[in-house]
Amino acid sequence: MDKLELKAFGKINLGLDVIRKRADGYHDLDMIMQMVDVYDDVILTKKDDDDIIVKTDALILPNGKENLAYMAAKMLMDEFKIRQGLEIEIHKRIPIAGGMAGGSSDCAATLMGVNRMFDLGLSKEELMERGVKLGADVPYCILGGTAIARGIGEILTPLPTPPRCHVVIAKPPVSVSTAFVYGQIQPEKITKRPDIERMAQAVREQDLYQLAELLYNVMEDVTVPRYPVIQDIKDVMLREGALNAIMSGSGPTVFGLYDDKTKAEKTVNRVRDMELTEQLYLTRFI
């Protein structure tokens, strides 16, 4: 296999709670992660030399050793002493610095692709064990689908796919530093938290309306006051008929859930007309 084309899917957080700051500087989290049908293309091609090269169509992304896809390829190729080169080409659709784990998903796709391309024989669990060394969201991006995520995000419990609905995803023209948000959030002062167990039960029972009612992300306490456009997008979504709308991850991407495609389409048109976003998708859970 000399060439392999992969889809690296983005995620949203149906619920996100920050429990405490750990001694190692990370935070313990309680989340429900959900993949959506917004993806980057990751194309792996073998090369005759022994270099690893990353090419992307996003100028703000690093193409060298700082890129997570590069790190993923090098980790496995060094471990298994692969003396062949690799070109990694990434076409971006997932918002960058948007709270949708785009870099982690590209990293996960590269791990899975190198495993297949060079016939390394690693299981999904073995890839996840390696992936967490590169990023907290990488194991989930390897697992995919729907899952409760705890610890720093690496302790995963798979869930069934939630009930079908329409998902509008809107990324405003701002970028949010995850480190900034974690640096500002004070878990001991959080007064409202998502009920992750009830959300998981709503998923298991295929109750879209209960699930939507329970959507909540404590990181909005930090990000929304700094970037009011996030609240502006949420307000438009709710006015146009979203069952609920919240921010994903540390932001600033916002998503809304709809039980009616016409309302979702009206929302897309309204948000576009108001020029609130730089990326806008009508998509679905996968």
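## Met71 and its helix

Met71 lies in helix H1, which covers residues 68-79, and the structure described here is a predicted model. With a relative accessibility of 31%, Met71 counts as partly exposed, because the partly exposed class takes in values between 20% and 50%. Leaving aside residues up to four places away in sequence, Met71 touches Lys65, Glu66 and Leu134. Between the C-alpha atoms of Met71 and Leu86 the separation is 12 Å, and these two residues are 15 residues apart along the chain.

## Strand S4 and its partners

Helix H1 also takes part in a left-handed β-α-β unit, which is made by S3, H1 and S4. Strand S4, made up of residues 85-91, is mostly covered, since 5 of its 7 residues are buried.

Strand S4 is joined to strand S3 (residues 52-56) by 5 bridges, and these two strands run parallel; within this pairing, Ile53 has Glu87 in S4 as its bridge partner. Strand S4 is also joined to S2, here by 7 bridges, and S2 and S4 run antiparallel. Opposite Val42 stands Ile90, a residue of S4.

## Two cysteines without a bond

A disulfide is a covalent bond between the sulfur atoms of two cysteines. A search of the whole structure finds 0 disulfides, and Cys107 is accordingly in none, the nearest cysteine sulfur being that of Cys141, 8.5 Å away. Why is the sulfur of Cys141 not bonded to that of Cys107? The sulfur of Cys141 has its closest cysteine sulfur in Cys107, at 8.5 Å, which is too far for a bond, because a disulfide requires the two sulfur atoms to be within 2.5 Å.

Cys107 counts as buried because its relative accessibility is 0%, and Cys141 likewise counts as buried, with a relative accessibility of 5%.

## Aromatic rings

A search of the whole structure finds 1 aromatic pair. The rings of Phe9 and Tyr39 have centres 5.5 Å apart and planes at 65 degrees, so this pair is edge-to-face, the class for planes over 60 degrees apart. The pair links distant parts of the chain, for Phe9 belongs to strand S1 (residues 3-21) and Tyr39 to strand S2 (residues 27-47), with their positions 30 residues apart in the numbering. Phe9 counts as buried because its relative accessibility is 19%, and the buried class holds values under 20%.

Another ring has a charged group over it: the charged end of Arg226 sits over the ring of Phe180, at 4.4 Å from the ring centre.

Notes: Residues numbered from 1 in each chain as written. Predicted model: local features only at pLDDT ≥ 70, side-chain atom pairs only at ≥ 80, totals over all residues. Heavy atoms only, no water. Helix = DSSP H or I, 4+ residues; strand = E, 2+ residues; numbered from the N terminus. Buried < 20%, exposed > 50% of the residue type's maximum accessible area, 1.4 Å probe, protein only. Contact = heavy atoms within 4.5 Å. Phe/Tyr/Trp six-rings, centres within 6.5 Å; stacked < 30°, edge-to-face > 60°. Lys NZ or Arg CZ within 6 Å of the ring centre and 35° of its normal. Pairing = 2+ DSSP bridges. Right-handed = clockwise from strand over helix to strand, strands pointing away.
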